[in-house]
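Work through the exercises below with the structure open beside you. Try each task before reading its solution.

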Amino acid sequence: MKHRILVIEDEDEIRELIKLYLDKEGYETIQAGTAEEGLALVKSGSIDLVLLDLNLPGVSGFEFLRTIRKEKDLPVIIVSARNADEDVVLGLGMGADEFVTKPFSPRVLCARVDALLRRSRLGGIVDRSICVGPFSIDPDAYFVKKDGERIVLSTREFELFLFLVKSMGKAFTPEELYDKVWGNAYGDLTAVGVYIQRIRKKIEVDASNPRYIKTVRGKGYRFCADEGEECE
């Protein structure tokens, strides 16, 4: 039986784009243009997962989330152009399982849907997390915790952080990171340094004196889990 995905989005083009990709993945897609319509569909039918926009006419996405969390433990992925940290933290704190910012990759969004449904179906029995130092990382959910506290990373920040963690013990030049994480051999290499600084501000106690993501002279960047490890 197909999983039923409810897409609550007021922009027709975005809603149809999401539906197109979900249909290709074998899901049954139900659409709603307002939170009120979405609430009625959740209450009247069998919905397996909700993709929720925040900026909706009338009742907001936050209010929708607050309402259904009183009644249902339903997987919810927020898909929104509101990418300020306070919006992400509020959405996750109110019970959303994930937060995807617009513009987004439809393929990545479908992968998030698949991963979240898989974890929900297995009841959390399978733990695919990577645990290193104080960090717990779920590659499927793009989810990072440090000392048990959630760290909100954008998709690109997460991909760069995960690559460095998986390659722990090895330094990479900006060119190598741009190729392996961005998937481009050429481009604006300053983006690598910008993203490194963003990640440091979120994971380090002192971003100006980083403990985990070190700058290796003449080589680039390296992830160090052990405070006593020599990285320079």
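**Exercise 1: Tyr21 and its surroundings**

Tyr21 has a relative accessible area of 26%, so it is partly exposed. The model used here is a predicted one.

Task: Find which element holds Tyr21, and which residues it contacts beyond its neighbours within four places in sequence.

Solution.
- Step 1. Place the residue. Tyr21 belongs to helix H1, residues 12-24.
- Step 2. Set aside the neighbours within four places in sequence. Tyr21 is then in contact with Pro106, Arg107 and Cys110.
- Step 3. Check the exposure of one partner. Cys110 has 7% relative accessibility, so it counts as buried.
- Step 4. Take a residue elsewhere in the chain. Phe172 and Tyr21 are 151 residues apart in sequence. Their C-alpha atoms lie 35 Å apart in space.

**Exercise 2: Cysteines**

Task: Count how many disulfides the structure holds, and work out why Cys131 has no such bond.

Solution.
- Step 1. Count. The structure has zero disulfides.
- Step 2. Recall the cut-off. A disulfide needs two cysteine sulfur atoms within 2.5 Å.
- Step 3. Apply it to Cys131. The closest cysteine sulfur is in Cys224, 19 Å away, so it is too far for a bond.
- Step 4. Add the exposure. Cys131 has a relative accessible area of 62%, so it is exposed.

**Exercise 3: The buried side of H2**

Task: Say which residues of helix H2 are buried, and what covers them.

Solution.
- Step 1. Look along H2, residues 35-44. Ala35, Gly38, Leu39 and Val42 are buried there.
- Step 2. Look around the axis. These residues cover an arc of only 100°, so they sit on the same side of H2.
- Step 3. Find the cover. It includes three strands and a helix: S1 (4-8), S2 (28-32), S3 (49-52) and H3 (61-69).

**Exercise 4: Empty space**

Task: Find how many cavities of 30 Å³ or more there are, then describe the lining of the second largest cavity and of the largest pocket.

Solution.
- Step 1. Search the whole structure. Two cavities of 30 Å³ or more turn up.
- Step 2. Take the second largest cavity. Its space is about 30 Å³.
- Step 3. List its lining. Val7, Ile8, Glu9, Ile18, Leu51, Leu52, Asp53 and Val79 line the second largest cavity. S1 and S3 are the elements that give two or more residues to this lining.
- Step 4. Sort that lining by type. Six residues are nonpolar, none is polar and two are charged.
- Step 5. Turn to the largest pocket. It holds about 610 Å³ of space. Its lining has 27 residues, and Thr101, Leu153, Ser154, Thr155 and Arg156 lie nearest its centre.
- Step 6. Find the elements. H4 (85-93), S5 (98-101), H5 (106-121), H6 (155-166) and H8 (190-203) each give two or more residues to the pocket lining. The largest share, four residues, comes from H6.
- Step 7. Sort again. The pocket lining has 13 nonpolar, five polar and nine charged residues.

**Exercise 5: Backbone features in loops**

Task: Find where Pro103 lies and where Asp147 lies, and describe the backbone of each.

Solution.
- Step 1. Locate Pro103. It is in the loop between S5 and H5.
- Step 2. Inspect its bond to Lys102. This peptide bond is cis, with omega about -5°.
- Step 3. Locate Asp147. It is in the loop between strand S8 (143-146) and strand S9 (149-151).
- Step 4. Read its phi. Asp147 is not a glycine, yet its phi is positive, about 50°.
- Step 5. Finish with exposure. Asp147 has 59% relative accessibility, so it counts as exposed.

Technical notes: Residues numbered from 1 in each chain as written. Predicted model: local features only at pLDDT ≥ 70, side-chain atom pairs only at ≥ 80, totals over all residues. Heavy atoms only, no water. Buried < 20%, exposed > 50% of the residue type's maximum accessible area, 1.4 Å probe, protein only. Arc of directions from axis to C-beta. Contact = heavy atoms within 4.5 Å. 1 Å grid on protein atoms, 1.4 Å probe; cavity = no way out; pocket = protein on both sides within 12 Å on 5 of 7 lines; lining within 4 Å. Points joined across faces, edges and corners; volume = space filled by probe spheres on them. Nonpolar A, V, L, I, M, F, W, Y, C, P; charged D, E, K, R; others polar.
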